[in-house]
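I opened this notebook to keep track of what I looked up, beginning with the contact between two chains and then turning to the DNA.

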Protein chains: 2
Amino acid sequence: MTDGTTRDQIVQAADRLFYTQGYENTSFADIAEAVRISRGNFYYHFKSKHRILDAVIDERLADTRDMIAAWEAASPDPADRIRAYIDIVITNRADIERFGCPVGTLTTELAKLNHAAQQEANAIFTLFRDWLRDQFAALGHGADADAHAMHVLAFSQGVATLSNAFRDRDFVGREVQRMHDWLDALKTA
Amino acid sequence: MTDGTTRDQIVQAADRLFYTQGYENTSFADIAEAVRISRGNFYYHFKSKHRILDAVIDERLADTRDMIAAWEAASPDPADRIRAYIDIVITNRADIERFGCPVGTLTTELAKLNHAAQQEANAIFTLFRDWLRDQFAALGHGADADAHAMHVLAFSQGVATLSNAFRDRDFVGREVQRMHDWLDALKTA
DNA sequence: GTCTATACAGGGATAGAC
DNA sequence: GTCTATCCCTGTATAGAC
């Protein structure tokens, strides 16, 4: 992914800028400046802003798959894996406080822009959703696995949005604890 | 609020457009077209886009206070009032599916824009937060009242974000039920 | 593959007539 | 209070030299 080619540097810079500033609010000049290339050179690599967005989403999909693979490698226990997801809001709290969740804020922005890439961005959510569903199914909650997966996703989005607004780490810690308790209760049920 | 003056029509139109299209993505031309006035006339009423945003936020603060007053008038039972808040995600589901939560999406966008009005937008959240806290306190949960208030806010934001991404009404219904159950358990605790 | 130069549209904002 | 005309900047995108 990060092989250092100009194209890849563009994707990396755009990824970060789309996250920190928003897609609409990020200009080619912003990205060009970050990569230290001219705006003209830009169009050799990407014909339009839409194409950069596509590449960024592909990058994020790949990053998400890597993250999931790392969680799977770290523990065979589905509950551990779900906890790893829950704990993202702590792991990434610094960024979340300033910019929200990268997935949630992008899908929300694209929805308002009525952007064609909205479905592709939603695919990142779906990646998490399906994987969480599989973990709940492995825990023996097949019937409610998808509902539980969505519940965990909703938790992370809610915490991210309010963490961004209030920057209250105690709040994040409490909500994470709540989810851990809920998960423990689910296992013994 | 809606006295029909041009200024007020501008605020109304901007309010809706900022919600449906986003603040950054809404131009003066968009608003002028919606109100059917010229762009020039615009600047008689508002000197800058920032000022319109301020007016929109003030409008939303007033609307929020009205909504809260209506809930208070509808029932003296704090649990009923909290349920009224929880049920927003059903009441407004059509808009939420398309545009997300008006409060959450605005604060998130302003955070990324590093916009000066971010704190004012957060005040809408605070209005709900403080009111919910008072309801939980009235239920006898003074010590955890603010934490519970934040929990309910997080619920609504999480549901709104995922409702926007997946447009799954069954999911919304399930999450609302979960919150009602949680609230009932809290009352008997 | 990278650059400069440039075209062109759109957006914020102002001036001044009515 | 509302309009038209206009300025200036930014943003996307293209052409063509190196």
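I looked first at the salt bridge in which the side chains of Arg129(A) and Asp168(B) meet, with 4.0 Å from N to O, and I kept in mind that this is a predicted model. Between chain B and chain A I found a count of 2 salt bridges, along with 14 residue pairs in polar contact, both residues of each pair being at pLDDT 80 or more.

I then asked which helix gives the largest share of the side of chain B that touches chain A. That share, 14 residues, comes from α10(B). By class, I noted 15 nonpolar, 17 polar and 9 charged residues on this side of chain B.

For the extent of the interface, I recorded that 41 residues of chain B are in contact with 41 residues of chain A, and that the two chains bury about 3,300 Å² between them, 57% of it on carbon and sulfur atoms. Of the area that chain B buries against chain A, 21% is supplied by Lys112(B), Phe166(B) and Arg178(B), more than by any other three residues.

Next I turned to DNA strand D, which has 16 residues around it, with Phe28(A), Tyr43(A), Thr6(B), Ser38(B) and Tyr44(B) coming nearest. Among the strand's atoms within 4 Å of the protein, 64% belong to sugar or phosphate and the rest to bases. I looked up where side chains approach phosphate oxygens of the strand: an N or O atom of Tyr44(B) lies 2.4 Å from one, an N or O atom of Thr6(B) lies 2.9 Å from one, and a polar atom of Lys49(A) lies 3.1 Å from one. The helix that gives the most to the surface near DNA strand D is α3(B), with 4 residues.

Notes: Residues are numbered from 1 along each chain as its sequence is written. Chains are lettered from A and ligands numbered from 1 in the order in which they are written. This is a predicted model: local features need pLDDT of at least 70, side-chain atom pairs count only at pLDDT 80 or more; totals for chains, interfaces and linings use all residues. Side-chain values use heavy atoms; hydrogens and water are left out. A residue is near a molecule or strand if one of its heavy atoms lies within 4 Å of it. A polar contact is a pair of N or O atoms within 3.5 Å; within protein, one must be able to donate a hydrogen and the other to accept it, and residues adjacent in sequence count only if both atoms are side-chain atoms. Helices (H or I, at least four residues) and strands (E, at least two) are DSSP runs, numbered from the N terminus. Contact means heavy atoms within 4.5 Å. Buried area is the accessible area (1.4 Å probe) that two parts lose on being put together, summed over both. Ala, Val, Leu, Ile, Met, Phe, Trp, Tyr, Cys and Pro count as nonpolar, Asp, Glu, Lys and Arg as charged, and the others, Gly among them, as polar.
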